[in-house]
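Notebook open, coordinates loaded. I want to go through the charged pairs, the odd backbone spots, the sheet, the cysteines and one helix.

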Amino acid sequence: MLAGRELAGQILPIANFPGTVVAPNLTPDADTGSANWSDDQIARAIREGIKHDGTIIFPLMPYGEYKTLSDEDLASVVVYLRSLNPVRNPLSPSRVNFPVNYLVRGAAVPLLEPVHGPDPSDVLARGKYMVGLGCGCHNVVDKLHYAGGEHLAGVWGDVISPNITPDASGIGYYSEATFITALRTGYVGVRKLNSIMPFGEFKNLSDDDLKAMFSYLRTLPSVTHRVDNTLPATYCKLCKQKHGAGDQN
């Protein structure tokens with residue numbers, strides 16, 4: 001997104017998607033943005049996947065993860081969106097082709113109880129909370145808990161989310177400093193991470209939050225699942241995808 005047009009929406013060129021994905025304009029523009037959406041409508045979209053017009057958001061937006069966002073943090077997000085400079089950016093809505101448009105109708109799940117954040121003094125609880133909000137693409141395959149396996153294709157290329165458990169095939173070799181640098185800069189040593197990894201957003205997290213995330217990841221069970229997107233793709237019997245080092249699993 002161009003400078004000055006942050007969160008003003010855009011068409012997302014996602015390969016092989018059954019339709020067209022459009023990230024809507026979230027700035028408070030009266031005609032093309034969120035100015036006429038109520039706070040509750042914005043909150044419902046973020047955590048429940050229901051748009052201001054009552055339709056279901058395609059779960060490419062990870063509202064399944066955002067449902068754990070605390071009420072307090074959710075309110076802060078809404079206040080921040082209200083503070084943005086309005087940007088006029090007319091966009092057509094997303095279009096999902098039949099029959100997929102019917103298959104996602106049950107994706108939205110209403111929240112009926114308040115959601116509380118972790119105790120700020122509990123480092124592991126805070127780390128689990130942060131990881132749950134930001135690392136979902138690493139935790140999509142049954143029996144590969146946070147060991148990667150999601151196929152991510154778009155302008156960034158064609159990659160599989162890697163293993164972030166403390167296994168030797170994951171990030172067991174990371175130090176705390178390595179982890180913080182990776183999430184802040186997108187580099188592990190001299191190796192640049194793929195741009196689908198949102199280090200541009202993670203760089204704004206505090207040292208304490210990043211340390212809490214690393215501490216929590218260190219408590220995960222080690223899962224052996226080697227993913228190396230720099231190698232030619234081969235079939236992996238664990239995640240049922242083709243990816244670099246797949247034949248080594």
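**Salt bridges**

I searched the whole structure, a predicted model, and got seven salt bridges. I looked up three of the pairs in detail.

I started with E48 and R44, whose side chains meet in a salt bridge at 3.7 Å, N to O. How far apart are E48 and R44 in helix 1? They are four residues apart, so about one helical turn separates them in helix 1 (residues 39–48). I then checked accessibility for both partners. E48 comes out at 13% and counts as buried, while R44 has a relative accessible area of 39% and is partly exposed.

Next I took D71 and R47, where the closest N and O atoms of the salt bridge are 2.8 Å apart. I noted that this pair links distant parts of the chain: D71 sits in helix 3 (residues 71–83) and R47 in helix 1, with their positions 24 residues apart in the numbering. On accessibility, I have D71 as partly exposed at 30% and R47 as buried at 12%.

The third pair I pulled up was D228 with R226, a salt bridge with its closest N and O atoms 3.5 Å apart. Buried or exposed, for D228? I get 18% relative accessibility for D228; the cut-off for buried is under 20%, so D228 counts as buried. R226 is partly exposed, at 31%.

**Backbone oddities**

I went looking for unusual backbone geometry, keeping in mind that most residues other than glycine have a negative phi, and most peptide bonds are trans.

Which peptide bond is cis, with omega near 5°? I found it going from F98 to P99. I placed P99 in the loop between strand 3 (95–96) and helix 4 (100–103).

For positive phi I wrote down two residues that are not glycine. L7 has phi near 65°. I find L7 in the segment before strand 1 (10–12), and it is partly exposed at 38% relative accessibility. K240 has phi near 60°. I find K240 in the loop between strand 8 (233–235) and strand 9 (242–244). Is K240 buried or exposed? Its relative accessibility is 54%, so K240 counts as exposed.

**Sheet**

I traced an open sheet of three strands in the order 1-2-3, with antiparallel pairing. Which strands are the edge strands? I have strand 1 and strand 3 down as the edges, since each pairs on one side only.

I looked at the contact between strand 2 (residues 19–23) and strand 3 more carefully. Two bridges join these antiparallel strands. For a residue-level handle, I noted that T20 stands opposite R95 in strand 3.

**Cysteines**

I ran the disulfide search on the whole structure and it came back with zero. So where do the cysteine sulfurs sit? A disulfide needs two cysteine sulfur atoms within 2.5 Å, and I checked two residues against that.

C137 is in no disulfide, and its nearest cysteine sulfur belongs to C135, 7.5 Å away. C137 is partly exposed, with a relative accessible area of 26%.

C239 is in no disulfide either, and the nearest cysteine sulfur, on C236, is 3.8 Å away. I have C239 as buried, with a relative accessible area of 7%.

**Helix 8**

Last entry. I measured out helix 8 (residues 207–218) on the model by computation: it has 12 residues and reaches 16 Å from its first C-alpha to its last. That is close to the 16 Å expected at 1.5 Å a residue.

Which residues of helix 8 are buried? I listed D209, L210, A212, M213, F214, Y216 and L217. Then I asked what the buried residues of helix 8 pack against. I found helix 5 (123–134), helix 6 (176–185) and helix 7 (199–202) as their partners.

Terms used. Residues are numbered from 1 along each chain as its sequence is written. This is a predicted model: local features need pLDDT of at least 70, side-chain atom pairs count only at pLDDT 80 or more; totals for chains, interfaces and linings use all residues. Side-chain values use heavy atoms; hydrogens and water are left out. The expected span of a helix is 1.5 Å times one less than its number of residues. Buried means under 20% relative accessible area, exposed over 50%, partly exposed in between (1.4 Å probe, protein chains only). Contact means heavy atoms within 4.5 Å. A salt bridge is a side-chain nitrogen of Lys or Arg within 4 Å of a carboxyl oxygen of Asp or Glu. Two strands pair if DSSP finds at least two bridges between them.
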